[in-house]
Amino acid sequence: MASAGQLHMLYTCPFCWKVRGLLEHLDLDYEPVQVNPMKAKKTLPSAPDWTKVPVWVDAKGEIIVDSTTIMKHIDSQNNGGILWASSDEARRDKWVEWVDLHMSKATIPILYGGLFSALKTTTRVSKLEKFGFISKRLYAWAGFPIMWGIIARSRVKKDGRTPKQLWHDLLGEFTDSFDNSTFFGGEKPDLVDLTAFGYVRSISPYPQFSKLTDHAAGMAWYKAVEATLKA
Ligand SMILES: N[C@@H](CCC(=O)N[C@@H](CS)C(=O)NCC(=O)O)C(=O)O
């Protein structure tokens with residue numbers, strides 16, 4: 001099969017997990033390019049205008065940025081736009097925005113919200129990403145007090161809920177919007193499902209994922225989406 005494109009990514013980036021889930025759901029062949037987090041700003045094909053991952057270079061060489069835009073582009077180019085199509089566009093637009101706003105913000109608190117959580121996460125990240133020899137160690141040990149002390153704590157404090165409660169509320173609110181269907185999209189997952197799935201899945205490599213797995217409705221939905229991915 002010809003490659004659908006090239007995905008410039010970081011393994012642990014939640015926005016990249018969104019795009020990867022879609023590619024797996026559609027069973028598309030693609031070329032993953034794992035960037036060195038320390039060099040991303042120089043090596044991304046979209047630099048210097050856009051220096052974030054993911055960046056998608058499609059089969060025609062067109063460069064697309066921003067994860068939800070990338071997902072719509074892939075669906076439109078490779079799947080006839082079926083996943084983004086909706087009989088209720090206002091509902092779809094409202095919820096994709098809700099997912100991108102709330103779930104994206106909730107990944108940092110659950111992964112870095114406690115001192116030990118933060119250390120576990122940065123150690124895991126340093127193993128999963130393509131760091132250089134020194135920066136790998138530096139990130140694992142120096143990264144965690146930064147993520148814990150500065151970023152995550154201020155977010156947890158601002159929200160007032162524990163990271164676990166926050167995720168349970170989000171999963172509850174999201175699955176309540178399904179109208180008794182298995183998916184947001186009804187009988188099959190749509191692009192909104194895959195967007196939310198990407199954020200949740202980005203927590204799955206870490207031990208903190210166990211804080212989400214006791215949310216029954218959330219996990220039933222998560223497993224149902226997971227079952228649609230081609231191995
Ligand atoms: N809205 C963007 C956000 C992407 C993003 O923030 N990616 C992070 C990695 S998880 C990044 O590359 N940050 C680098 C930076 O902000 O300079 C998307 O959905 O693609």
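**Ligand shell and cysteines in a predicted model**

Colleague: How far is an oxygen atom of the ligand from an N or O atom in the side chain of Lys-41?
Modeller: In this predicted model, Lys-41 is one of the residues around the ligand. A polar contact is a pair of N or O atoms within 3.5 Å, and an N or O atom in the Lys-41 side chain meets that cut-off with a ligand oxygen, at a distance of 3.0 Å.

Colleague: Which residue places a polar side-chain atom 2.7 Å from a nitrogen atom of the ligand?
Modeller: Val-53 is reached through a polar backbone atom, which lies 2.9 Å from an oxygen atom of the ligand. The side-chain atom that lies 2.7 Å from a ligand nitrogen belongs to Asp-66.

Colleague: What share of the ligand's exposed area does the protein bury?
Modeller: The ligand sits in the largest pocket, with a shell of 5 nonpolar, 1 polar and 3 charged residues. Taken alone, the ligand exposes 520 Å², and the part of that area buried by the protein is 68%.

Colleague: How many disulfides does a search of the whole structure find?
Modeller: Cys-13, at 10% relative accessibility, counts as buried because the cut-off is under 20%. Cys-16 is in no disulfide, since its nearest cysteine sulfur, that of Cys-13, is 3.4 Å away and a disulfide requires sulfur atoms within 2.5 Å. Over the whole structure, the number of disulfides found is 0.

Colleague: Is Cys-16 buried or exposed?
Modeller: Buried means under 20% relative accessible area. Cys-16 has a relative accessibility of 0%, and therefore counts as buried.

Terms used:
Residues numbered from 1 in each chain as written. Predicted model: local features only at pLDDT ≥ 70, side-chain atom pairs only at ≥ 80, totals over all residues. Heavy atoms only, no water. Near = heavy atom within 4 Å. Polar contact = N/O pair within 3.5 Å; in protein donor to acceptor, adjacent residues only side chain to side chain. Areas by Shrake-Rupley, 256 points an atom, 1.4 Å probe, with all protein chains shown as cover. 1 Å grid on protein atoms, 1.4 Å probe; cavity = no way out; pocket = protein on both sides within 12 Å on 5 of 7 lines; lining within 4 Å. Sits in = over half its atoms within 2 Å of the grid points. Nonpolar A, V, L, I, M, F, W, Y, C, P; charged D, E, K, R; others polar. Buried < 20%, exposed > 50% of the residue type's maximum accessible area, 1.4 Å probe, protein only.
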